[in-house]
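The exercises below can be worked through with the sequence and the coordinates side by side. Each task is followed by a solution in steps.

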Amino acid sequence: GDYEKARLEFQNALQIDPKNVDAQFQLAEVQEKLQNWRAAAGGYQAVIEADPRHVGAKTRLARLLLLAGQTDAAKKMIDEAAAIAPQDAGVHTIEGAIAARRGDTATALKEVQTALAADPGQLDGIMLLASLYEKQGKTQDAERTLQDAIKLYPQDVGLHLALADVYANAKDNDRAVDMLQDIVNLEPKSLADRARLAAYLVSMNRKDRAEQVLRRSVDDLPDDSRAKLALADFLAKYHGRGDAEKALQGYIQQAPEDYALRFGLAALYLSGGENDKAEGIYRGVIDSEGTGPKGLQARVLLARVLVKTGDTAGALSLLNAVL
């Protein structure tokens, strides 16, 4: 599960042996886990170029093409894989996913059932089957499919998220929240998981609980400025800009070198029409950072403010300095 470390190790292996197809394929899989989609697709393509009969790479690339909405390209790729390994479970799963995308539910069910008969633990197939059940209104079948899969793969976040969606669609809010909380427990360093839980709680009008989740994020992820900014956004929206300003000012005092927080405070001022305060923050960053990366970023942000206030010459001067 330490995908970043895995990525580095596979890259090291490829430096030693650039023609190591296994390392190239597994590196592409890791890139996919890290949601580096372009790198993953490029990696799978490199594997196929090195080994045109690599069914795994063709299947994974077809999956990415399908997710990107390139259904015809995905179909062409999976047809190539099917010609090499017609009984492969992954091939049948992608065939089913393509059929589902085209609205052919009957074919999709047939393909995914064939896939799971060959490999009952195939995750993509399980997820597809559950989604097809959900589409047919067979909520209990979808729920049971995902619950059984979670017993096999208790650490898989995708299964938990799919089951949370089933509960949410069934208006079973308490169990949806429990499942989203389980995801947070599985990935305690993921701010996105916590933000998803908070957003769902807000949609249920449980704002106090959502605020608790965001405050806990700040405590658990003290070095992640995004957690602080997410809480500030929440406070501005549901408590008032004053509370958000106070929170951000406190965080900036604790971490004066965290310029993301300063830029967040400036954005808060701009949202309230306090352009002078925002300008003061940007000029302060420019004074302290000079032509460093944050100083250049502050110049661009300040130029936007000057354009809005009619100082086109001042904005051009800043942008020319950056260029």
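A pocket is an open set of grid points, on a 1 Å grid over the protein atoms alone, with protein on both sides within 12 Å along at least five of seven lines; its lining residues have an atom within 4 Å of a point. The model used here is predicted.

**Exercise 1. Describe the second largest pocket: its volume, its lining and the helices that supply it.**

Step 1. The second largest pocket holds about 500 Å³ of space.

Step 2. Its lining consists of 19 residues, and nearest to the centre are Leu67, Asp124, Met127, Leu128 and Ser131.

Step 3. Two or more lining residues come from each of H4, H6, H8 and H10. With six residues, H8 gives the most to this lining.

Step 4. Sorted by type, the lining of the second largest pocket has 11 nonpolar, three polar and five charged residues.

**Exercise 2. Do the same for the largest pocket.**

Step 1. The space in the largest pocket is about 1,700 Å³.

Step 2. There are 39 residues in the lining, and those nearest the centre of the largest pocket are Tyr3, Glu32, Lys33, Asp156 and Gly158.

Step 3. Helices that each supply at least two residues to the lining of the largest pocket include H1 (3–16), H2 (21–33), H3 (37–50) and H4 (55–67). Further along the chain, H6 (89–101), H8 (123–135), H10 (157–169) and H12 (191–203) each do so too. H4 gives the most to the lining of the largest pocket, with six residues.

Step 4. By type, the lining of the largest pocket comprises 15 nonpolar, 10 polar and 14 charged residues.

**Exercise 3. Which salt bridges does Glu32 form with Arg60 and Arg63, and which parts of the chain do they tie together?**

Step 1. Begin with Arg60. Its side chain meets that of Glu32 in a salt bridge, at 2.8 Å from N to O. Arg60 belongs to helix H4 and Glu32 to helix H2, so this pair ties together parts 28 residues apart in sequence.

Step 2. Turn to Arg63. The side chains of Glu32 and Arg63 also meet in a salt bridge, at 2.6 Å from N to O. Here Glu32 lies in helix H2 and Arg63 in helix H4, so the pair ties together parts that are 31 residues apart in sequence.

Step 3. Compare the accessibilities with the cut-offs: buried is under 20% relative accessible area, exposed is over 50%, and partly exposed is in between. Glu32, at 7%, is buried. Arg60, at 21%, is partly exposed, and Arg63, at 23%, is partly exposed as well.

**Exercise 4. Assign Asp224 and Arg226 to an accessibility class, and state how they are paired. Then give the network that contains Glu32.**

Step 1. Asp224 and Arg226 form a salt bridge in which the closest N and O atoms are 2.8 Å apart.

Step 2. Asp224 has a relative accessibility of 15%, and therefore counts as buried. Arg226 has a relative accessible area of 52% and is exposed.

Step 3. Glu32, Arg60, Arg63 and Asp124 are joined into one network by salt bridges that share partners. The structure holds 21 salt bridges.

**Exercise 5. Two charged residues, Arg7 and Glu111: are they buried or exposed, and what do they touch?**

Step 1. Arg7 lies in helix H1. Its relative accessible area is 18%, so Arg7 is buried.

Step 2. Outside its neighbours within four places in sequence, Arg7 is in contact with Leu27, Val30, Gln31 and Leu34.

Step 3. Glu111 is found in helix H7 (residues 105–118). Its relative accessible area is 19%, so Glu111 is buried.

Step 4. Leaving out residues up to four places away in sequence, Glu111 touches His92, Glu95 and Gly96. From the C-alpha atom of Glu111 to that of Ala168, 57 residues apart along the chain, the separation is 27 Å.

**Exercise 6. Summarise the chain as a whole.**

Step 1. The chain has 19 helices and zero strands. Its C-alpha atoms fill a box of roughly 65 × 50 × 35 Å along the principal axes.

Step 2. Of its 323 residues, 43% count as buried. The accessible surface is about 17,300 Å², and 50% of that surface belongs to carbon and sulfur atoms.

Step 3. Take the contacts between residues at least 6 apart in sequence: 39% of them join residues at least 24 apart.

Conventions
Residues numbered from 1 in each chain as written. Predicted model: local features only at pLDDT ≥ 70, side-chain atom pairs only at ≥ 80, totals over all residues. Heavy atoms only, no water. 1 Å grid on protein atoms, 1.4 Å probe; cavity = no way out; pocket = protein on both sides within 12 Å on 5 of 7 lines; lining within 4 Å. Points joined across faces, edges and corners; volume = space filled by probe spheres on them. Helix = DSSP H or I, 4+ residues; strand = E, 2+ residues; numbered from the N terminus. Nonpolar A, V, L, I, M, F, W, Y, C, P; charged D, E, K, R; others polar. Buried < 20%, exposed > 50% of the residue type's maximum accessible area, 1.4 Å probe, protein only. Contact = heavy atoms within 4.5 Å. Areas by Shrake-Rupley, 256 points an atom, 1.4 Å probe, with all protein chains shown as cover. Salt bridge = Lys/Arg side-chain N within 4 Å of Asp/Glu carboxyl O.
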